[in-house]
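Open the model in your viewer and show side chains as sticks. The tour moves from one selection to the next.

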Amino acid sequence: MTTDVKNVELDDDSKKKVPLVQVKNLRKYFSVGKQKLKAVDGLNFDIYEGETVGLVGESGCGKSTAGRTMIRLYEPTDGEVLFQGKNIYDHSEKKMAKIRRDIQLIFQDPYASLNPRMTVEEIIGEPLTIHGVVKGKEKKKRVEELLKLVGLSPEHINRYPHEFSGGQRQRIGIARALALHPKFIVCDEPISALDVSIQAQVVNLLKELQKEMGLTYLFIAHDLSMVKYISDRILVMYLGKMMEFSDSETLCNEPLHPYTKALLSSVPIPDPTIKRERIVLSGDVPSPINPPSGCVFRTRCPNAMEICSSAVPEWKEQKPGHFVACHLFW
Amino acid sequence: MGKLLEVKNLRIDFKTYGGEVHAVRGVNFEVKQGETIGIVGESGCGKSVTAKAIMKLLASPPARYKEGSITFNGKNLIEASEREMERIRGNEISMIFQDPMTSLNPTSKVGVQIMESVLKHNQISRKKAYNHALETLQLVGIPQPEKRMEQYPHEFSGGMRQRAMIAMALVCQPKLLIADEPTTALDVTIQAQILELMKDIQKQSETAIILITHDLGVVAEICDRVVVMYAGKVVESGTVLEIFQNPEHPYTKGLLKSVPRFDMDKSVPLSPIIGSPPDLFSPPKGCSFYPRCDYAMKICKDHDPEPEDVGNGQITACWLQHSMAKVMNTHTATNVGGGTKR
């Protein structure tokens, strides 16, 4: 496995050729009474092996739904997700169970995502039992290794979640996700519930683990400065649709989409000497049950034109590797 | 500018089944008229308890004001009776809470809730109170205020609810506004709106603001002075420029270093503060930051440092600022720290 990782790192071209995950026209609608809530409405992007793709957007933009649909916790309304070239939605339940070894999820709330009545050994050992990997003493040994890997003491193995702090619980969640040597991990706001000094600990851990184990991440968050720090590429979503997708440097330094620009200028900078003109978006995110016609962002867009209300902007590669959906770039 | 509020050596304990929690352990700070101060710190550091103590909103028991004074406009609030407090709350000091959904009354119209405090504190007609509430809603940027007055909180979005909360807090033109994590529950674009609104309020009114937050970016943007709290104590305070540019306390330094900046190199790992905050059931005898501190020395373990003025009104509670420690150069101090920690 380590050799694979090295190859990926050394040979940039071959890395570009094998997307580990390909999302094609993914849609997920929920029924709300007689209406449809379009939580995710047409996602198209690739994630390459060993990279981190950041997924950002405001609450209700469908980023968590996208993450959960991509690992088939939800059945999609339409579209495909190819994992290692195969559509995961075509697999039978049995086959899917096998594939779930390679795809794991880290949850946002470390207080709600660990069963309070299970010990750490049971929590981290559960995936090992379910997939019949190891049993008995060997399982215990493996759990202890995992605890060490995420920076916890193996002596904690018989403790219950309430005996840990938030940051430590998130480490337990990470250990559980790593138990089966996954290839792809969806991190659904893994640090939002943690204090700043602890956030940095967890982000450093995630980065180290990625280097060591060659993991691929989809990192969902709303904190843009943290997303920029951890991601290779960033996808910006708004009301279930993709707005902009590019490598993180370009996205943050030369954003094209007005929404990305506004998002970036909304982030308060911890430096009192910096004074800047902020783009303040008026109003709130419209309801995804009844989204605006044409471009979904037009109701809050400072650059909205006539065409924006009638036509949906096309997803276009404006510069190599820099995609944007906005009429300004037609 | 005159002194509006002075908190002196405030100590608050909570009685629990597990024993006494020493939530606030000697907090000192002051607020001048019209200024904005930020109280920052991690969860559990006592910042919200301090804020609620100023409003006397802590239920007692379990809370116990053990020591200290809170002087507002020359009056010690700790000794004030409940009736006196009722006259002050919402009128002279008001508060905005973190979660606008749970702090508004869901069964009563927003307009009525805003009018309530006007009617309580002033001898005016309902009509006048209504107009006053309407003006305040306009001031906080709520469109169609006439219609909004008649609506219930569930008909408001998160950002609008927070605006309504701010309107409610400002309607009596208080001298002091305490905002407890006012933007934490909001999205960044909405947070930006609320921050702009708070800046407008600063400009337009004489109201002093205490902003409690864990977001250093928010502090840098709107505060004049910063109070950094850790484990129930103030570890450092000073002007926003001093704190961000010349932090002296290792905890402040650590906090500032642990947030990524936009211009940061990705290959450099973030420098988190190792470990987690101490248990306030039995706080450490010496400096409470000692177990996590990179510069910890022998004295830190057993003796709590006194706050020292390090110039420009910046106050730091750290042994490194002691006149004896300054004689030793920083080189030795770092070495000692490295030795004791690992």
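Start with D41(A) and R27(A): their side chains are joined by a polar contact of 2.6 Å. Keep in mind that this is a predicted model.

**Stop 1: around D41(A)**

Stay on D41(A), which sits in strand β2 of chain A. Now add K241(A) to the selection. Its side chain makes a polar contact with the side chain of D41(A), at 3.3 Å. Is D41(A) buried or exposed? Its relative accessible area is 10%. The cut-off for buried is under 20%, so D41(A) counts as buried. To see what surrounds D41(A), select L26(A), R27(A), Y29(A), G240(A) and K241(A). D41(A) touches each of these, leaving aside residues up to four places away in sequence.

**Stop 2: an aromatic cluster**

Next, colour the aromatic rings. Over all chains, the structure holds ten aromatic pairs. Zoom in on one of them, F45(A) with F245(A). The ring centres are 5.9 Å apart and the planes meet at 70°, an edge-to-face pair. Where do the two partners sit in the chain? F45(A) is in strand β2 (residues 35-48) of chain A, and F245(A) is in strand β10 (residues 241-247) of chain A. They are 200 residues apart, so this pair links distant parts of the chain. Both F45(A) and F245(A) are buried. Add W315(A) and F323(A) to the view: with F45(A) and F245(A), they form one aromatic cluster.

**Stop 3: where the chains meet**

Zoom out and colour by chain. Select the residues of chain B in contact with chain A: there are 44, and they meet 40 residues of chain A. Between them the two chains bury about 3500 Å², 58% of it on carbon and sulfur atoms. Which residues of chain B lose the most area to chain A? Pick T189(B), F262(B) and K266(B), which together account for 23% of what that side buries.

Now look for charged pairs. Three salt bridges are found across this interface. Show E196(B) with R278(A): they form a salt bridge, with the closest N and O atoms 3.1 Å apart. The interface also has 16 residue pairs in polar contact, counting pairs with both residues at pLDDT 80 or more.

Finish with the helices of chain B. Elements giving two or more residues to the side that touches chain A include α7 (158-170), α8 (188-204) and α11 (250-258) of chain B. Select α8(B) last: this helix gives the most, with eight residues. By class, that side of chain B has 22 nonpolar, twelve polar and ten charged residues.

How values were computed
Residues numbered from 1 in each chain as written. Chains lettered and ligands numbered in written order. Heavy atoms only, no water. Contact = heavy atoms within 4.5 Å. Buried area = accessible area lost by both parts, 1.4 Å probe. Salt bridge = Lys/Arg side-chain N within 4 Å of Asp/Glu carboxyl O. Polar contact = N/O pair within 3.5 Å; in protein donor to acceptor, adjacent residues only side chain to side chain. Helix = DSSP H or I, 4+ residues; strand = E, 2+ residues; numbered from the N terminus. Nonpolar A, V, L, I, M, F, W, Y, C, P; charged D, E, K, R; others polar. Phe/Tyr/Trp six-rings, centres within 6.5 Å; stacked < 30°, edge-to-face > 60°. Buried < 20%, exposed > 50% of the residue type's maximum accessible area, 1.4 Å probe, protein only.
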